[in-house]
Structure formats: C-alpha cells, structure tokens
Amino acid sequence: LLEEIAHTITDDVWIVAPDAERSGAGHSISLTLPIRMQALGPKRFQVAGTPTDCVLMALSQCMTDGPPTLLLSGINSGANLAEDVTYSGTIAAAMEGTLFGIRSIALSQVRAPGAVADFTPAANWCPEVLRKVVSLDEWPAGSFININFPDVPVAEISGVRLTTQGQRPPGSFSIMPRVDARAQPYYWVKIAYTSGNTIANTDLHAIADKAVSVTPIKMDFTDQAWRDKLAAAMV
C-alpha cells in the first residue's frame, strides 16, 4: 500500500524492507550477526535485519548514486502512539533517516492488539496528508513526522490533527509464562494497552476521537527544564 501511495508523488520509488516482521525492534542494529540482502527486482530489496539495518543498506549498498529526498516507513500494522515510539521498528527507520539528514515519515494503521489491520483509513487519508507534509518548505534538522490512522470506518474519521506525543498509564506489557513439551519454561510478552491519559492535543486523544494523528518528533531527547534544575544542584 505504501508503495502505491509513494508512486502518487514520485516515479522514483525504492523499496528496502525487512524480510520478516520486526515489531518491537526499536532502533536496533545487527552488530553481532551478518546482514543478508536479496534483490527481488529493480529497486526492490529484502533485508534479513532490522528496519535500521534496511536504512543503512539502502544508503550504502542500494542507492549508491545518492540518498533519497524522502524516507517513508510503514505502513505499520498497529499503532505507534505515545511510548510506542521508543519500541517501534517503524519509527526507528524514520529516526535513522533523520540522522542522515533525510526527510523521514513513519506511518501506522491503528488496530486492536491481535486483530487484523484494516488499511482502508490509511489508503484513503495517507495520500492527502503525505502531500501536505512533503510540500513544507522548511523541515528542521533532527526532526521527523509520525502519522497514525484511526481504526474506524472512513466515513467516521473526524479529520487530521497536529498532535503531541502522549503517554499511556504503565502496565501495557506483561509477561505470560509457559512450559514447553520438554518441561522447560518460556515466556511471551503480552500487549494489553491500558486506557487513560488521553490528554487533549495528544496522539492518543486524536485517535480516541477518530482523527488522523500527525506528530512532529525530535531526535534530541534532552529535558531542558530539568537540565537547568540539575545544573543548579550540581554547583
């Protein structure tokens, strides 16, 4: 779907994507394993690695004539809201592109945990939203855009909102113990998003209100207000 949408704004579309799902990969790099890549056709490659690996491979091995003017990551099957940003491989690819000075956008289709994603909202709203953000004359260095599409019928979408990153109450992840056929323990991470903290103007609030969420994210994580207080305490 993202390939089709990308072709609405340019004819020069390259695909360098993981060969399997990499949910929860975060901004990880394959430092202790070799990275293998297979060409599937012109400008189409699959990588046995993380989304961050894909960006590195695209820039150093695929697009050797020059970097892209735009990096699109997704469209992820599932939300990347609030603290998801720190876990998400989809977000990580946009982060890596940003570090290279490339305009980068992460896109996700919200769905309930364990449910099958309906990409119809993304298919209908992504082209318009993408054209608007791509048309920006100024794009600050060190920043990228995180877009989430609500899991509702297209007719119920309330519009597009510029949002801030929200924060869910703690407890969305839990450990589920199991025992295998050889009586050895193993564990699954279970996702059950906790409700609450849908503060106005946040990405969580927009999605709860059936709107498309567009959040500008900075790579600089520094807490400037706390830094000033720490400076006074460390004199």
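Begin at strand S9, which gives the most to a nonpolar surface patch, with 3 residues. Keep in mind throughout that the model on screen is predicted.

**The nonpolar patch and its hairpin**

Select Tyr87, Phe173, Ile175, Tyr187, Val189, Ile191 and Tyr193 together, and show their surface: these residues make the nonpolar patch, which covers about 690 Å². Colouring by strand will show that S8 (173-179) and S9 (185-191) each supply at least two residues of this patch. One member of the patch, Tyr193, is found in the loop between S9 and helix H6 (203-208), and at 32% relative accessibility this tyrosine counts as partly exposed, because partly exposed residues lie between the limits of 20% and 50%.

Now display the backbone of S8 and S9, which pair in the antiparallel sense over 7 bridges. Within this pairing, arginine 178 stands opposite tyrosine 186 in S9. The two strands form a hairpin with 5 residues between them, and in the turn you can select alanine 183, which has a positive phi of about 65°.

**The open sheet**

Move next to strands S1, S2 and S3, where the 3 strands form an open sheet in the order S1-S3-S2, with mixed pairing. The edge strands are S1 (15-18) and S2 (36-41), each of which pairs on one side only. From one strand to the next the twist averages 25°. Selecting S1 with S3 (residues 44-48) brings up two strands that run parallel and are joined by 4 bridges, and here alanine 17 stands opposite glutamine 46 in S3.

Add helix H2 (residues 51-62) to the view, since this helix packs on the sheet and touches S1, S2 and S3, its direction making about 145° with that of S1. H2 is mostly covered, with 9 of its 12 residues buried; among them are Pro51, Asp53, Val55, Met57, Leu59 and Cys62. The buried residues of H2 pack against S1, S2, S3 and S4, and also against helix H4, which is the next stop.

**Helix H4 and threonine 90**

How many of the 11 residues of helix H4 (residues 89-99) are buried? The count is 10, so H4 is largely enclosed by the rest of the structure. Its buried residues include Gly89, Ile91, Met95 and Glu96. To see what covers them, show the surrounding elements, which include H2, strand S4 (70-77), helix H3 (84-87), strand S5 (103-109) and strand S6 (143-149).

Within helix H4, pick out threonine 90, which has a relative accessible area of 11% and is therefore buried. Leaving aside its neighbours within four places in sequence, threonine 90 is in contact with Ser73, Gly74, Asn76, Asn80, Ala106, Leu107 and Ser108, so it is useful to display these side chains with it.**A last stop at phenylalanine 221**

Finish by selecting phenylalanine 221, whose place is in the loop between strand S10 (212-218) and helix H7 (224-233). Is this phenylalanine buried or exposed? At 63% relative accessibility, phenylalanine 221 counts as exposed. If you also select threonine 50, the C-alpha atoms of the two residues are 22 Å apart in space, while the residues themselves are 171 apart in sequence.

Note on methods: Residues are numbered from 1 along each chain as its sequence is written. This is a predicted model: local features need pLDDT of at least 70, side-chain atom pairs count only at pLDDT 80 or more; totals for chains, interfaces and linings use all residues. Side-chain values use heavy atoms; hydrogens and water are left out. Buried means under 20% relative accessible area, exposed over 50%, partly exposed in between (1.4 Å probe, protein chains only). Patches are made of residues with over 30% relative accessible area and no salt bridge: like charges are joined within 9 Å, nonpolar side chains (Val, Leu, Ile, Met, Phe, Trp, Tyr) within 5 Å. Accessible areas come from the Shrake-Rupley method with a 1.4 Å probe; for residues, only the protein chains shown count as cover. A salt bridge is a side-chain nitrogen of Lys or Arg within 4 Å of a carboxyl oxygen of Asp or Glu. Two strands pair if DSSP finds at least two bridges between them. Axes are lines fitted to C-alpha atoms, for helices over the stretch in contact, and angles run from 0 to 180 degrees between N-to-C directions. Contact means heavy atoms within 4.5 Å.
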